[in-house]
Amino acid sequence: MSTNYSIAVLGLGAMGLPMATRLATGLTVHGFDIAAARMDLAADAGIKTFPTAAEAAADADAVLLAVRNGEQLADVLFGEAGIAGSLRPGAVVLMTSTVGVAAVADVAARLAGIGVDLVDAPLSGGPVRAGEGDLLIVVGATPEARAKAAPAVELLASSLTVVGDKPGDGQALKTVNQLLCGVHIAAAAEALALADALGLDPSGTLEALQSGAAASFMLGNRGPRALQAYDDGGSDVLSRLDIFVKDMGIVTKAAREVALPTPLAATAEQLYLLGQAQGLGAEDDSAVIRVVAPSRRTPA
């Protein structure tokens, strides 16, 4: 890797900051976030920060965007303080968030008009794995755009799947991925709530389930945190519940657009929406168990 390659990371939140610190192990990294506290954390980690997103992105070889949704994506690029005018022709934008096919396809077309490529690269793995370069990334982009983004992607990904040659292809696969993840988390919460209602020890039940055919990544990963959701203060927040409100909304919208029934996804979406309505949006997504069962029946 060469520090002659510069990348701006815009959005230094739970995923953006560890990605920036990982990239800084081999590249020149510029950072920006609207939250001063995140900028301070980035500076403490050795990331050079800038007062505006446009200044951070100016003359960079690549710009990595870690935004919340399609509206933020459009705004950071083309809004009142958008960076599009600061991007040099030939640069590449690396879009890492899950925002849906249409949002990415739209901005990719607009960026192409100013000579900038977009690499659609939604990722999975969480903050710890982001900092270790152990992310799972799916990519939709032309071969030329993928080559431009390769120095950054290779530092971040332990698993890289090229889905197709156009922006939006990565979002399409991530949409399918999130359908399964969202349903699996909800199913795990429902199963553990049922075990509790039947008088079983939830922790013992979780261990037994993970030893057999009912095991799943989400059961093993979210199960312990679902049980902690009943503790004072809840579990550590590693993936917010309101992220799945967004993602399951993307899933069900995509399914409607192709006239495909997705009853399981729709039911899971309603559970996350109920959780958000009950004030659980900022809690870990495993707190969806408290939508199914507001309190535990057996002693912890």
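## The main core

The largest nonpolar core here holds 58 residues, and L10, L23 and L65 have the most contacts inside it. Helix α7 chips in six residues, the largest share of this core. Bear in mind that we're looking at a predicted model.

Take L23: leaving aside residues up to four places away in sequence, it touches I7, V9, V29 and L64, along with A152, L155 and L156. Apart from the largest core there's another one, of 29 residues, with M218, A265, L271 and L280 among them. In soluble globular proteins, nonpolar side chains tend to be buried together.

## A closer look at α7

Helix α7 covers residues 143-156, 14 in total. From first C-alpha to last it reaches 18 Å, close to the 20 Å expected at 1.5 Å a residue. There's a bend, though: about 65 degrees at A150, with a proline, P151, following within four residues.

Which α7 residues are buried? They are A145, A149, P151, A152, V153, L155 and L156. Of these, A152, L155 and L156 turn up again among the residues that L23 touches.

## The whole protein

Zooming out, the protein has 13 helices and nine strands. Its radius of gyration is 20 Å, close to the 19 Å that the globule rule gives for 300 residues, so the protein is as compact as a globular protein of that length. The C-alpha trace spans about 65 × 45 × 35 Å along its principal axes.

As for packing, 47% of the 300 residues count as buried. Among contacts with a separation of 6 or more, 66% come from residues 24 or more positions apart. On the outside, the protein exposes about 13,400 Å², and carbon and sulfur atoms supply 57% of that area.

Note on methods. Residues are numbered from 1 along each chain as its sequence is written. This is a predicted model: local features need pLDDT of at least 70, side-chain atom pairs count only at pLDDT 80 or more; totals for chains, interfaces and linings use all residues. Side-chain values use heavy atoms; hydrogens and water are left out. Helices (H or I, at least four residues) and strands (E, at least two) are DSSP runs, numbered from the N terminus. The expected span of a helix is 1.5 Å times one less than its number of residues. The bend at a residue is the angle between axes fitted to the seven residues ending there and the seven starting there. Buried means under 20% relative accessible area, exposed over 50%, partly exposed in between (1.4 Å probe, protein chains only). The radius of gyration is taken over C-alpha atoms; the globule rule is 2.2 Å times the number of residues to the power 0.38. Contact means heavy atoms within 4.5 Å. Accessible areas come from the Shrake-Rupley method with a 1.4 Å probe; for residues, only the protein chains shown count as cover. A nonpolar core is a set of buried Ala, Val, Leu, Ile, Met, Phe, Trp, Tyr and Cys residues joined through side-chain atoms within 4.5 Å.
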